[in-house]
Amino acid sequence: ISSVWGILAYVLLSYGLYKIAQRRGIHHCWMAWVPILNGWILGCISDHYRYIARAEITHRRTLLLWERIISFVSAGVMIGICVAVFFSGLRELFLTGTISVTSSLILQLKVLLLVALVHLIVFIAEIVLTYFCYYDLYLSVIPEDAVLLIVLSILFHAILTPIFVFIFRN
């Protein structure tokens with residue numbers, strides 16, 4: 001059930017972002033369908049609202065895209081380090097029959113901890129900026145209920161955010 005909802009939520013969110021971006025004249029709307037690049041579209045929608053409604057020039061699209069790229073790369077590096085540690089431990093266990101704590105293992109674990117810390121900081125910043133962008137989207141559609149919608153989106157993100165974006169596509 002969760003896999004089916006995950007696919008449906010992805011389609012609802014992507015289609016909603018695509019249509020909103022298309023209606024607002026944002027170039028490269030197709031990026032709404034690409035998992036990392038959809039941050040660019042969400043940021044463009046937020047930047048567009050900020051510029052039109054408040055005459056502010058923001059660069060949320062660039063920040064959100066870079067946060068998502070860094071988050072993706074750091075997650076890949078962490079997985080790579082974990083796999084390397086696992087297989088070096090298996091190799092040592094196979095060759096010697098024991099696993100010892102070597103300086104190489106300690107270095108790998110220190111790098112893993114550092115990358116995990118960077119990933120955590122970037123991930124938290126990405127979440128905060130994403131919710132700011134959704135808040136701008138809600139303000140641009142239903143300003144009087146934007147606070148309620150963002151609170152509901154934060155509390156029930158996986159369920160309500162795709163539905164809200166899909167509903168507001170027009």
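**Salt bridges and helix packing in a predicted model**

The side chains of E126 and R68 meet in a salt bridge, with 3.5 Å from N to O; the term stands for a side-chain nitrogen of Lys or Arg within 4 Å of a carboxyl oxygen of Asp or Glu. E126 sits in helix 4 and R68 in helix 3, so this pair ties together parts that are 58 residues apart in sequence. Helices here are DSSP runs (H or I, at least four residues), numbered from the N terminus. E126 is buried, at a relative accessible area of 13%, and R68 also counts as buried, at 14%. Buried means under 20% relative accessible area, exposed over 50%, and partly exposed in between (1.4 Å probe, protein chains only).

A few words on the model itself. This is a predicted model, in which local features need pLDDT of at least 70 and side-chain atom pairs count only at pLDDT 80 or more, while totals for chains, interfaces and linings use all residues. Residues are numbered from 1 along each chain as its sequence is written, and side-chain values use heavy atoms, with hydrogens and water left out. The chain has a mean pLDDT of 93, and 100% of its residues reach 70 or more; pLDDT is the predictor's confidence in each residue, from 0 to 100. Among the elements of the chain, the lowest mean pLDDT (90) belongs to helix 3 (residues 60-96) and the highest (97) to helix 5 (residues 146-155).

Back to the charged pairs: the structure holds 5 salt bridges. Another of them links D47 and R61, whose closest N and O atoms are 3.7 Å apart. With D47 in helix 2 and R61 in helix 3, the pair ties together parts that are 14 residues apart in sequence. D47 is buried, with just 5% relative accessible area, whereas R61 is partly exposed at 27%.

R50, found in helix 2, also takes part. Its side chain meets that of E56 in a salt bridge (3.3 Å, N to O). R50 is buried at 10% relative accessibility, while E56 counts as partly exposed at 31%. Leaving aside residues up to four places away in sequence, R50 touches A55, E56, T58, R60 and D136, where contact means heavy atoms within 4.5 Å. Salt bridges that share partners join R50, E56, R60 and D136 into one network.

Helix 1 (residues 2-23) offers a simple check on geometry. At 1.5 Å a residue, its 22 residues should span 32 Å, and its end C-alpha atoms are 31 Å apart, which agrees; the expected span is 1.5 Å times one less than the number of residues. The buried residues of helix 1 are A9, L12, L13, S14, G16, L17, K19, I20 and A21. They pack against helix 2 (38-54), helix 4 (103-141) and helix 6 (157-167). After helix 1 comes G25, with a positive phi near 75°.

Helix 1 also holds Y15, which counts as partly exposed at 31% relative accessibility. On the surface, Y15 joins I7, Y10, V11, W30, W33 and V34 in a nonpolar patch with about 630 Å² of accessible area together. Such patches are made of residues with over 30% relative accessible area and no salt bridge, with nonpolar side chains (Val, Leu, Ile, Met, Phe, Trp, Tyr) joined within 5 Å and like charges within 9 Å. The areas come from the Shrake-Rupley method with a 1.4 Å probe; for residues, only the protein chains shown count as cover.

Terms used. Helices (H or I, at least four residues) and strands (E, at least two) are DSSP runs, numbered from the N terminus.
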